[in-house]
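Good morning, and thank you for making time for this presentation. I would ask everyone to look at the sequence and the structure together as I go through them.

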Amino acid sequence: QVQLVESGGGLVQTGGSLRLSCAASGSIVSINTMGWYRQAPGKQRELVARITSGGRINYADSVKGRFTISRDNAKNTVYLQMNSLKPEDTADYYCNANVWEPLSPTGRDYWGKGTLVTVSS
C-alpha cells in the first residue's frame, strides 16, 4: 500500500501565494507521473499540473504562468508553487501519483485526501 499526504493549503488573499507539498510513502519501487488536481464545489475534478519522472510537465491553461510544479524523486515528493492566486483557484487540491509497487506488473494510481485552498477576494 501507498499513502499520499498533502500539506500547505489554507486561506490567502487574491494575489497571494501558497506552496503545496505531497509526500508518498509505503511500498514504492518507483513513481511515474505525479500531479495535482482540484475540485471546486459543484464542479468536476480537473487537472492542474503533472510531472513525469523524467521531468516532462503539463499545466492546465488556467494556471500557466502562475503555478509551478516540481518534484524531488529522492523524497518521493511533489510540490505545487501557486502564485498570483485568484478566487477561482479556490478548491480542494488532490495529489495523484502513479506508483510501481513490488511484484506489480503495472503502475497503480493513488490519491491523497486533499487539501483546501481558499482565495478571498
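I begin with Arg-45, which is partly exposed, with a relative accessible area of 35%. Before going further, I should say that this is a predicted model. Arg-45 is placed in the loop between β4, residues 30-39, and β5, residues 46-51. Leaving out residues up to four places away in sequence, Arg-45 touches Tyr-37, Arg-38, Gln-39, Tyr-94 and Trp-111. Pro-105, by contrast, is 60 residues from Arg-45 along the chain, and 28 Å separates their C-alpha atoms.

Let me turn to the open sheet. Four strands form it, in the order β1-β3-β8-β7, with antiparallel pairing. At its edges are β1, residues 2-7, and β7, each of which pairs on one side only. On average, and with direction ignored, neighbouring strands of this sheet are turned by 15° against each other.

Within that sheet I would like to look at β7 and β8 in some detail. Strand β7 covers residues 67-72 and strand β8 residues 77-82. The two pair in the antiparallel sense over six bridges. They form a hairpin with four residues between them. In the turn, Asn-76 has a positive phi of about 50°. As for individual partners, Thr-68 is bridged to Gln-81 in β8, and Arg-71 stands opposite Val-78 in that strand. Which residues of β7 belong to its covered face, and which to its uncovered one? The covered face consists of Phe-67, Ile-69 and Arg-71, while Thr-68, Ser-70 and Asp-72 make up the uncovered face. Thr-68, with its partner Gln-81, is thus described on the uncovered face, and Arg-71 on the covered one.

Next, the disulfide. The structure holds one, formed by Cys-22 and Cys-95, with the sulfur atoms 2.1 Å apart. Cys-22 lies in strand β3, residues 18-26, and Cys-95 in strand β9, residues 91-100, so the pair ties together parts that are 73 residues apart in sequence. Why is this disulfide called left-handed? Because the torsion about the S-S bond of Cys-22 and Cys-95 is about -80°. Both ends are out of reach of the probe: Cys-22 is buried at a relative accessible area of 0%, and Cys-95 is buried, also with a value of 0%.

Cys-95 brings us to β9 as a whole. This strand is mostly covered, with eight of its ten residues buried. With β4, strand β9 pairs in the antiparallel sense over eight bridges, and Met-34 has Ala-97 in β9 as its bridge partner. Strand β10, residues 108-111, is joined to β9 by four bridges and runs antiparallel to it. Here Ala-97 stands opposite Tyr-110. Three bridges join β9 to β11, again with an antiparallel course, and Asp-92 stands opposite Leu-116 in β11.

I close with Thr-115, which lies in β11, residues 115-120. Is Thr-115 buried or exposed? Its relative accessible area is 11%, so Thr-115 counts as buried, the limit being under 20%. Apart from neighbours within four places in sequence, Thr-115 is in contact with Glu-6, Gly-8, Gly-9, Leu-20, Ala-91, Asp-92 and Tyr-93. For Gly-9 there is a further detail: its backbone nitrogen lies 3.3 Å from a polar atom of the Thr-115 side chain. Thank you for your attention.

Key. Residues are numbered from 1 along each chain as its sequence is written. This is a predicted model: local features need pLDDT of at least 70, side-chain atom pairs count only at pLDDT 80 or more; totals for chains, interfaces and linings use all residues. Side-chain values use heavy atoms; hydrogens and water are left out. Buried means under 20% relative accessible area, exposed over 50%, partly exposed in between (1.4 Å probe, protein chains only). Two strands pair if DSSP finds at least two bridges between them. A disulfide is a pair of cysteine sulfur atoms within 2.5 Å. A polar contact is a pair of N or O atoms within 3.5 Å; within protein, one must be able to donate a hydrogen and the other to accept it, and residues adjacent in sequence count only if both atoms are side-chain atoms. Contact means heavy atoms within 4.5 Å. Axes are lines fitted to C-alpha atoms, for helices over the stretch in contact, and angles run from 0 to 180 degrees between N-to-C directions.
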